[in-house]
Amino acid sequence: MLPASEGRRIRAARVRLSRTVRRLVRAGQSSLRRGSGGHHRTRRRGPVRLRRILRGWRWALASLLTLVVLAAAMVVIAYVRTPVPTQPQDGVTDEGSTVYYADGRTPLARLGANRQSVRHGQIPDRLRWAVLAAEDRGFYRNQGVSVSGTFRALLKDASGGDVQGGSTITQQLARNYFKGLSRDRTAGRKIKEILVALKLDRHRAKDEILDLYLNTVYFGRQTSGVEAAARAYFDKDVWQLDVAECALLAAMIQRPGYFRTQGGGDAAKALRARWTYVLNGMVSMGKLNRADADRLRFPRTRDEWRGVSLSGQDVLARQRVLDELESAGIPADAVVNGRLRIYTALDRRWMAYAEQAMRKVREPEWPKDVRTGLVAVDPASGAVKAFYAGDPGRGRYDSVFEPVAQAASTFKPYVLAAALRRGFSVRTKVPGRSPLRFAPDGSVTPMTAPGYKVSNDEEIGSLGTVDLVKATALSVNTGFVKAALKTGVANVAETARRFGVPESALRPYKGQAGLALGIANVSAAVQAGGYAAFANGGTAVTPHLVTKVVDAHGRRVPLPWDRPGRRVLTAEQAAQATYAMRAVVTGGTGRRAALADRDVAGKTGTSDGNHAAWFVGYVPQLSASVMMTRAAAGPLKGLPGHHGKVAGENLPSQVWHAFMADVTRDMPAEPFPEPAFSGTAANWDDTVKKNDSGGSGGRPEAGRGTPSAGASPAPSRVPREDGTSTPPADARGREKWCATPGNEDAALCAQR
């Protein structure tokens, strides 16, 4: 329904039109009667043909006048009936959410439309005048429509040309911003556009119209609005642009899909010509000095617009951000085009280092069914600093945040933590013999009796009594199953859950001693986050990409992981666990992960049949995990550049070392805290008096140079409280002990 005032104006216009038409008709009839009544006189004054011509002209003039009046009346009616546009078209005001790298400035990903509105005061005048010089030099003088431009556009439309050729900025805004105008290239649509533009100009301030235009016009490179364009082309905020850069953006508006900012092709030459046209326009408008314009040089732009990470992990990063925000109660439809600013801790250089570390072992050449993941976590907060989920050319898989492989022996530190939480120390002794069969209460049973049979790695074989430090260093399966049964499998599962292992991963193996050997599937991110608790002194963290979210009103959105983590170990317990995992790198299965300038703690892992391989390790400032596995059945072997089987001690340790050597280059070498070894040093080895040892077996994972299967200590060795041995006290005995193969305690031998 039209307002009453507009209805009255329409009726009045109709009455005036009706009266005008009646006057014209009466005038025409009177003229005809005069012509008929003076027939004989006219006949005497001139030839008949002249009379007919005059009569035709009268009819033509009357008809033309009638048409003009009718057209004018129709325009008046159409203008009156045209509402003032208020509603924008669907999507035209959408502003996507932006995900940033750790620097808080560099976009990592866009979620929705690439547009970011800026206020009037944030748009520099030099950009306003550049755009007006390019698109509408009479903007502040016209009434929203250019008469000459409109006729030029109508002529182009009639001849099949570009219907937009003569549009003012107000007309462009009417066409591209507000609802009600179709995209048809017709004269009728053009007339409607003119009427809407006239209404806009009458009801909105010029600056408001220009601001709307600048915040929504398309600039190419998938950007709309001046702020997004400034970022895409120059990696600057719009208020930081200089005159030459403003002129380039203004020039791009004419043909954003065609122009090229670099190179020497026709598109690049056309853009340079348009850029010069804009500068000349600014000079002619008195907004730029001629001498200053002549000194300007065509600006250099970014090579290309990258709204994603350089390492090709863009799809995973975007999806992970959406998943994390969903878990925080922010659904995807509120994120996409939600005008959120989403900050992460991802470091662009570290992302590149992760990719380089994988390329060193020729990962892009690996078969497509091989999955790999690398992820680094800040122990202080749980923020993910870098990740790599494999070369996109081999396929895109989330092998970083999804549990695609068994944890294998990288689960054993949770068993160690469970024992520490129960008051035992890492000097607690466990059996190293292999194979062994265990009853549910943890006691060793004869091999012919029922129970859970466990074998060590074939390269470790059967050992004697070892403490939990050595059991960790060499990844002794029998010792860790014994520790899990003595501590309680339920306690191990609860400890792992507190470290961040999901309940869904643990539930299928409830009460099973095999949990101690890592039969549960976990993600690389979970393991990096779990080990972060050892690195930071015992506080659990939640691995996360998103560190901060700011809404469209500048308010920070609270996130679940903003809250302090839960303490799972005391500082002393964490120091003891770290002490054991340092032995893995200094003399155990993870020696290839060692860094030259600092201490490293960590754990290798290789699942049954070499189907998956891991190294998870940390320094005080960073925890990182590397995982490799096959999607198909069978062992992970025969990879380009590595012809043998992949195990935790080789490729994963190498990749971890390469990555950490790069990221810690400028990081101070902080020491790990030394433990006091408090707690009970229990002896859980009940195999000493038994004589039922068997052969060796199991999966290859551990290091070389360890005692062979069934080997017994040399007679000259003196057992220590922690399960290792020391050289004899006398000098001759000490010298003989240090010369014996297998006695590798260099520090003790150096005391000679």
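Start by selecting helix 16 (residues 412-421) together with helix 21 (residues 524-535), whose crossing is left-handed, a term used when the near helix is turned anticlockwise from the far one by less than a right angle. Helices here are DSSP runs of H or I with at least four residues, strands are E runs of at least two, and both are numbered from the N terminus. The two helices pack at an angle of about 35°, with their axes 11 Å apart; axes are lines fitted to C-alpha atoms, for helices over the stretch in contact, and angles run from 0 to 180 degrees between N-to-C directions.

The model is predicted, so local features need pLDDT of at least 70 and side-chain atom pairs count only at pLDDT 80 or more, while totals for chains, interfaces and linings use all residues. Residues are numbered from 1 along each chain as its sequence is written, and side-chain values use heavy atoms, with hydrogens and water left out.

Now show the side chains where these helices meet: Pro-413, Tyr-414 and Ala-417 of helix 16 are in contact with Val-526, Gln-527, Gly-530, Tyr-531 and Phe-534 of helix 21, contact meaning heavy atoms within 4.5 Å. These residues divide into six nonpolar, two polar and no charged, where Ala, Val, Leu, Ile, Met, Phe, Trp, Tyr, Cys and Pro count as nonpolar, Asp, Glu, Lys and Arg as charged, and the others, Gly among them, as polar.

Keep Phe-534 selected and add its contacts beyond four places in sequence, which include Phe-499, Leu-569, Met-581 and Tyr-618. Phe-534 is also one of the four residues, with Ile-342, Phe-387 and Phe-659, that touch the most other members of the largest nonpolar core, which has 125 residues. Helix 21 gives this core its largest share, nine residues. Such a core is a set of buried Ala, Val, Leu, Ile, Met, Phe, Trp, Tyr and Cys residues joined through side-chain atoms within 4.5 Å, and buried means under 20% relative accessible area, exposed over 50% and partly exposed in between, with a 1.4 Å probe and protein chains only.

Next, select helix 18 (residues 477-487), where ten of the eleven residues are buried, so this helix is largely enclosed by the rest of the structure. Among the buried ones are Phe-480, Lys-482 and Leu-485, and the helix is followed by Gly-488, whose phi is positive, near 110°.

Move on to Arg-582 in helix 22 (residues 571-587), which counts as buried at 16% relative accessibility. Leaving aside neighbours within four places in sequence, Arg-582 is in contact with Asp-599, Val-600, Ala-601, Phe-672 and Glu-674.

For a partly exposed residue, go to Gln-319, with a relative accessible area of 40%, in helix 13 (residues 314-327). The C-alpha atoms of Gln-319 and Leu-111 are separated by 9.9 Å, although the two residues are 208 apart along the chain.

A last pair to select is helix 6 (residues 169-176) and helix 8 (residues 206-216), which pack at an angle of about 60° with their axes 10 Å apart. Their crossing is left-handed, and the contact includes Ile-169 and Leu-173 of helix 6 and Ile-209 and Tyr-213 of helix 8.

Finally, display the whole chain, which has 25 helices and 23 strands, and in which 51% of the 752 residues count as buried.
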